[in-house]
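User: I would like to learn how to read a model like this one, feature by feature. Could you take me through it, giving the general idea before the particular case?

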Amino acid sequence: MEQKVPMEGGGALRVWTEGLRVRAEARRPDDGLGLYKAYLKGPGGELLLGTMAPEGGELRIRRTFSQDELHRRGAWPVTGGAAQLYLLFQGERPPAGWEQVEGSGLPLGEAALRQGAAALGRVLCRRQSGRLQVAVPFRTDRPFPLPALFCLARLGELEGRPHLFFLFDAGGWPLVQRAEGGPRR
């Protein structure tokens, strides 16, 4: 049995059985943005295939599993796949109007927030009307960034990718945002 399915995030997943073994090959175009991880999806969950590597002008990964292992992990029968950007390469340019900075360099007004921001790595930020807006890539398989600001975060997209947006005043103190992104008065 062999099946080919498109992957969320681009590319295709090919899955075939050989006896009680299941072979999977994930492929996607190499867009040069960074490292991608590939996943198998099944009726009860998903299973990490691993980090895709450049091969023949695209990104690929091949893995072999037992049907029993896939079944235990909720990924058998395979219903789909996904390729997710895991790590951006340093050379990527930020979107227009944004700059890329280390979280440790954000001028936040509270020591605990500065410490949490330092753990974020690189983030996007911009200043507007004396306020600082910070965009942090959002992933459901990672801990929530800046958990102390959970209720103040706004989920949105930046260049088609999910981000959490935080807004700070000129002193680095968090502000409540309206759904469309403006501060509440």
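User: Let me begin with burial: what percentage of the 185 residues in the chain is buried?

Analyst: Please keep in mind throughout that this is a predicted model. Burial is judged from relative accessible area, with under 20% counting as buried. In this chain of 185 residues, buried residues make up 40%. The accessible surface of the chain comes to about 10,400 Å², and carbon and sulfur atoms account for 52% of that surface.

User: How many helices and strands does the chain have, and what box do its C-alpha atoms fill?

Analyst: The chain has two helices and 14 strands, and its C-alpha atoms fill a box of roughly 65 × 35 × 30 Å when taken along the principal axes. Sequence separation adds to that picture: among contacts between residues at least 6 apart in sequence, 56% join residues at least 24 apart. As for charge, the chain carries 26 positive and 20 negative charges, and the mean positions of these two sets are 2 Å apart.

User: How should I think about pockets, and what is the volume of the largest pocket here?

Analyst: The general idea is that rolling a probe the size of a water molecule over the atoms shows where empty space is left. In this model the largest pocket has a volume of about 1,200 Å³. It is lined by 43 residues, of which L85, Y86, P137, F138 and R139 are the closest to its centre. The elements that give two or more residues to this lining are β8 (80-88), β10 (122-128), β11 (131-137) and β13 (161-168), and β8 gives the most, with seven residues.

User: Turning to the backbone, which residues have a positive phi although they are not glycine, and which peptide bond is cis?

Analyst: Most residues other than glycine have a negative phi, and most peptide bonds are trans. Here, L146 has a positive phi near 50°, and E159 has a positive phi of about 55°. The peptide bond from W76 to P77 is cis, with omega near 0°, and P77 sits in the loop between α1 (67-72) and β8.

User: Where do L146 and E159 lie, and is each of them buried or exposed?

Analyst: L146 lies in the loop between β11 and β12 (154-158), whereas E159 is found in the loop between β12 and β13. L146 counts as buried because its relative accessibility is 7%, while E159 is exposed because its relative accessible area is 54%.

User: Which residues does L146 touch, leaving aside those up to four places away in sequence?

Analyst: With those sequence neighbours left out, L146 touches L113, G116, A117, L120 and F166. A distance between C-alpha atoms can be read alongside such contacts: L146 and A119 are 27 residues apart along the chain, and their C-alpha atoms are separated by 9.0 Å.

User: How would I apply the same reading to L33: where is it found, and what does its accessibility make it?

Analyst: L33 is found in the loop between β3 (21-29) and β4 (34-42). At 21% relative accessibility it counts as partly exposed, because the buried class is reserved for values under 20%. The C-alpha atoms of L33 and G11, which are 22 residues apart along the chain, are separated by 15 Å.

Technical notes. Residues are numbered from 1 along each chain as its sequence is written. This is a predicted model: local features need pLDDT of at least 70, side-chain atom pairs count only at pLDDT 80 or more; totals for chains, interfaces and linings use all residues. Side-chain values use heavy atoms; hydrogens and water are left out. Helices (H or I, at least four residues) and strands (E, at least two) are DSSP runs, numbered from the N terminus. Buried means under 20% relative accessible area, exposed over 50%, partly exposed in between (1.4 Å probe, protein chains only). Contact means heavy atoms within 4.5 Å. Accessible areas come from the Shrake-Rupley method with a 1.4 Å probe; for residues, only the protein chains shown count as cover. Lys and Arg count as positive and Asp and Glu as negative; His and the chain ends are not counted. The place of a charge is taken as NZ of Lys, CZ of Arg, CG of Asp or CD of Glu. On a 1 Å grid over the protein atoms alone, a cavity is a set of points where a 1.4 Å probe fits but cannot get out, and a pocket is an open set with protein on both sides within 12 Å along at least five of seven lines; lining residues have an atom within 4 Å of a point. Grid points are joined across faces, edges and corners, and a volume is the space filled by probe spheres set on the points.
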